[in-house]
Amino acid sequence: MALGAQDGPITGLSIGYTIHDLNKQYQKHHHRERLYMKHTLSCLVKNQRGVLAQVSEAFAAKGINIESLAVAETETPEISRATIVVSGDDTTVTEAERQCEALEVVVRLEDLASEEFYARELMLVKLRVSPDTIPVIMQAAELSQARVIGMSDHTITIELSGEHHALDGFLRLVRPLGIVALARSGLIAVSVDDEDTHGEQP
Amino acid sequence: MIPAPVRSFEELLERARGTIRPRMAVAAAAEAAVLASAADAMKEGLIEPILAGDVERIQELAAQQSLDLRGVEMLHHPNAVEAAAVAVRLVHEGRAELVMKGLVTTKEFIRAILNQEFGMRRGQPLSHVAAIESADQSRLMLLTDSGINIRPRFNRKVAIVRNALSVANALGIAVPKVAVIAAVETVELPAMPATLDAALLRRLGESGKLGPCIVDGPLSMDNALDSHTAEIKGRVSPVAGHADIIVAPDIETANAVYKTIRYLAQREIASIVVGAAAPAVVSSRSDSARSKLYSIALGVLTSHRHEYSFTPQA
C-alpha cells in the first residue's frame, strides 16, 4: 500500500521563522545583486610557484577586486585551472584580461561571461541550532538539496554545492537563524564546448 | 483526561466497546472478508456500519456468510472509486467518524481521502500506525510508518511522530516513550542520515515541541525493545526497553518489521492510517478476521481523539 508522500506544510510547530519570512529577505537582497556585472574567467596557468601572485597583480593593477578564486590541477598535472570571478565594467576587465594573458605563466584565459559554461561552487555553513529552528533549517536544506554533514549540541553543519546564486539563496534563507561559520570554495567552471582549452601544452 | 493504558488487544476491544459507537463508512463493501469484519464489529458493539458499494452483491455475500445486516444503511454505488468517494464524503459531511477500505485499491482509497473537495484532509500528512502486543504481553506498542511515507525527510518524520502520539494518547498512554530507530546509536554522517533525523527528533522532544512524550534516538531496535540488552550495552535511557512507539527510518524497515511480526512471529497486528479528519482502516485481504477486528477497534478509539491533547506553545 505504499504511496507517494503527500506534500503539505509543516503545521503545529511553534517556531520563530517560516520559509515565507525568510523568502521575503531573499527577494529584498536579490534586486541589489543584479546591479553588479560579473565576469567568470577560466585561466589555465603553469603549475609553478608565484603564478597566483602574478595573475592577481594583473587584476589589482587595474583596480579590479577578485571576488573568488579557485585553483587546482587539471588532468594534466603541469597545468592548473584558476576560475576567477571579478566584477567591473567590460573595458577595464578586458584590459586586465589582456595583461594577464601576456604573462608567461598563463597558458590561456577565457572570459566565460559571453559563453555558455557549467559553473558550480561548494559551500560549508555552520548554523546555530535550537529546537525552534531545527524544522526550518531542515526544510531549507531539503528545498535546496543541501546535505547535513555534522551536528553538535549547538550547531549543525550543512554542505551545499550548486550554482552561485543557489548558494546565495540558501544563505539568505538561513542567515537570520544565525551563521556561526561559513566557507565557500569559490566558483569553478568549464565551458560547455566539446573543445576545452587544454590544447596548448606548456 | 487520558484513561489507563490499553495493555492488550482484548483490552482494546473492551475499551472500544465502552465508547460511543462511531459510524464507520465502508468504501466498496462488496468484499467477503471486509463485510464479515464490519458485521463482526457491529455485533461486538464497536461501530455502526454504513456500507457503500454494490448493494446487490453485498446482500449476496451477506447471505452466503449468514451475516446479519438488518438495519444497516447501504448506499448503492457499484463503481469502487465512486464508492470510496461516497464513504469519505460521509466523514466530510459529519455523517461518519471512521472509514474502512473495501474492494478498492489503496491508491484510490487514499486519493479519495486526500480529495480537496470532499475528502478528509486536514492539511497534515497521513501516516500508517500499527499496534502490536509487547513480547511480555503487558502493553500495546506502536510501529510507524510501514505503509504510507516511503522515505520521509525530517519534517515529515515530525508529522509521523505526532500522528503516532495521537494514537498512543487514544490508547491511554499519557506520556508516550518514542524510540527513533537506527542501526547505530550515534550520529553517523553522511553514511546514515537517519541517525541525524533521530537525534534532531530527540532534541525536539526534549524541548517540548512534540508535546508530552519522551523521545530518544538514534536507538537500535534491540535497545528500544529490551531493557536488559540496553543495560548490558550501557545505554541509559527511559525509552530503552520501554518504547511505546517505534519510529522506523523508512518504509522498507517498518514494512519488514511489520511483516516479520506478522508472519515469522505469527502475531496479530492492528493498523490504521491517521492524519486525516478521521482514522482509516486499511487492512489487507491476508489479515486475519481477528486482526481486522482489532484494527477497527483501534480506529474506534482513535476516532474519539481527533486532536492531540497537547497544545503547542505559542
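**Exercise 1. A parallel pair in chain B**

Which residue in β3(B) stands opposite G53(B)? Work this out in the predicted model, then trace how the chain gets from β2(B) to β3(B).

*Solution.* Start with the two strands themselves. Strand β2 covers residues 48-53 of chain B and strand β3 covers residues 73-76 of chain B; they run parallel and are joined by four bridges. Looking across from G53(B), you find H76(B) in β3(B). Now follow the backbone: from β2(B) the chain passes through helix α3 (residues 55-64) of chain B before entering β3(B), and this β-α-β crossover is right-handed.

While you are on this path, pause at S66(B), which sits in the loop between α3 and β3 of chain B. The phi angle of S66(B) is near 55 degrees, a positive value in a residue other than glycine.

**Exercise 2. The open sheet of chain A**

Find the strand order of the four-stranded open sheet in chain A, and decide which strands stand at the edges.

*Solution.* Step one is the order: the sheet reads β2-β3-β1-β4 (chain A), and the pairing is antiparallel. Step two is the edges: β2 (66-73) and β4 (106-111) of chain A each have a single partner strand, so one side of each is left without a neighbour in the sheet. Step three is the twist, which averages 15 degrees from one strand to the next.

For a closer look at one pair, take β2(A) and strand β3 (residues 79-87) of chain A: they run antiparallel and are joined by seven bridges. One register point to check is S68(A), whose bridge partner in β3(A) is V85(A).

**Exercise 3. A hairpin**

Describe how β6(A) and β7(A) are paired and connected.

*Solution.* Begin with the pairing. Strand β6 (residues 147-151) and strand β7 (residues 155-162) of chain A pair in the antiparallel sense over four bridges. Next, fix the register: R147(A) has E159(A) as its bridge partner in β7(A). Finally, look at the connection, where a hairpin of three residues joins β6(A) to β7(A).

**Exercise 4. Two helix pairs, each within one chain**

Characterise the packing of α2(A) with α3(A), and then of α4(B) with α5(B).

*Solution.* A useful plan comes first: two packed helices are described by the angle between their axes and the distance between the axes.

For chain A, the axes of helix α2 (residues 51-60) and helix α3 (residues 90-101) come within 8 Å and cross at roughly 150 degrees. Angles over 145 degrees count as roughly antiparallel, and α2(A) and α3(A) are therefore roughly antiparallel to each other. Their crossing is right-handed. At the contact, V55(A), A58(A) and F59(A) of α2(A) meet A96(A), Q99(A) and C100(A) of α3(A). Sorted by class, this contact has five nonpolar residues, one polar and no charged ones.

For chain B, helix α4 (residues 80-92) and helix α5 (residues 106-113) pack at an angle of about 35 degrees, with their axes 9 Å apart. The crossing of α4(B) and α5(B) is right-handed. From α4(B), the residues V81(B), A84(B), A85(B) and V88(B) meet E108(B), F109(B), A112(B) and I113(B) of α5(B). The classes here are seven nonpolar, no polar and one charged.

**Exercise 5. Across the two chains**

Work out how α4(A) packs against α7(B), and see what P131(A) touches.

*Solution.* Geometry first: helix α4 (residues 134-143) of chain A and helix α7 (residues 193-207) of chain B pack at an angle of about 155 degrees, with their axes 11 Å apart. That makes α4(A) roughly antiparallel to α7(B). Then the residues: I134(A), P135(A) and M138(A) meet L196(B), D197(B), L200(B), R203(B) and L204(B). By class, the contact has six nonpolar, no polar and two charged residues.

Now step back to P131(A), in the loop between β5 (117-128) and α4 of chain A. Leaving aside residues up to four places away in sequence, P131(A) touches R203(B), L204(B), S207(B) and K209(B).

**Exercise 6. Cis peptide bonds**

Locate two cis peptide bonds in chain B and place their prolines.

*Solution.* One cis bond joins L189(B) and P190(B), with omega about 5 degrees; P190(B) is in the loop between β7 (177-181) and α7 of chain B. Another runs from G217(B) to P218(B), with omega near 0 degrees; P218(B) lies in strand β8 (residues 214-219) of chain B.

Terms used: Residues are numbered from 1 along each chain as its sequence is written. Chains are lettered from A and ligands numbered from 1 in the order in which they are written. This is a predicted model: local features need pLDDT of at least 70, side-chain atom pairs count only at pLDDT 80 or more; totals for chains, interfaces and linings use all residues. Side-chain values use heavy atoms; hydrogens and water are left out. Axes are lines fitted to C-alpha atoms, for helices over the stretch in contact, and angles run from 0 to 180 degrees between N-to-C directions. Angles under 35 degrees count as roughly parallel, over 145 as roughly antiparallel, 65 to 115 as roughly perpendicular and the rest as oblique. A crossing is left-handed if the near helix is turned anticlockwise from the far one by less than a right angle, and right-handed if clockwise. Contact means heavy atoms within 4.5 Å. Ala, Val, Leu, Ile, Met, Phe, Trp, Tyr, Cys and Pro count as nonpolar, Asp, Glu, Lys and Arg as charged, and the others, Gly among them, as polar. Two strands pair if DSSP finds at least two bridges between them. A crossover is right-handed if, with the strands pointing away from the viewer, the path from the first strand over the helix to the second runs clockwise.
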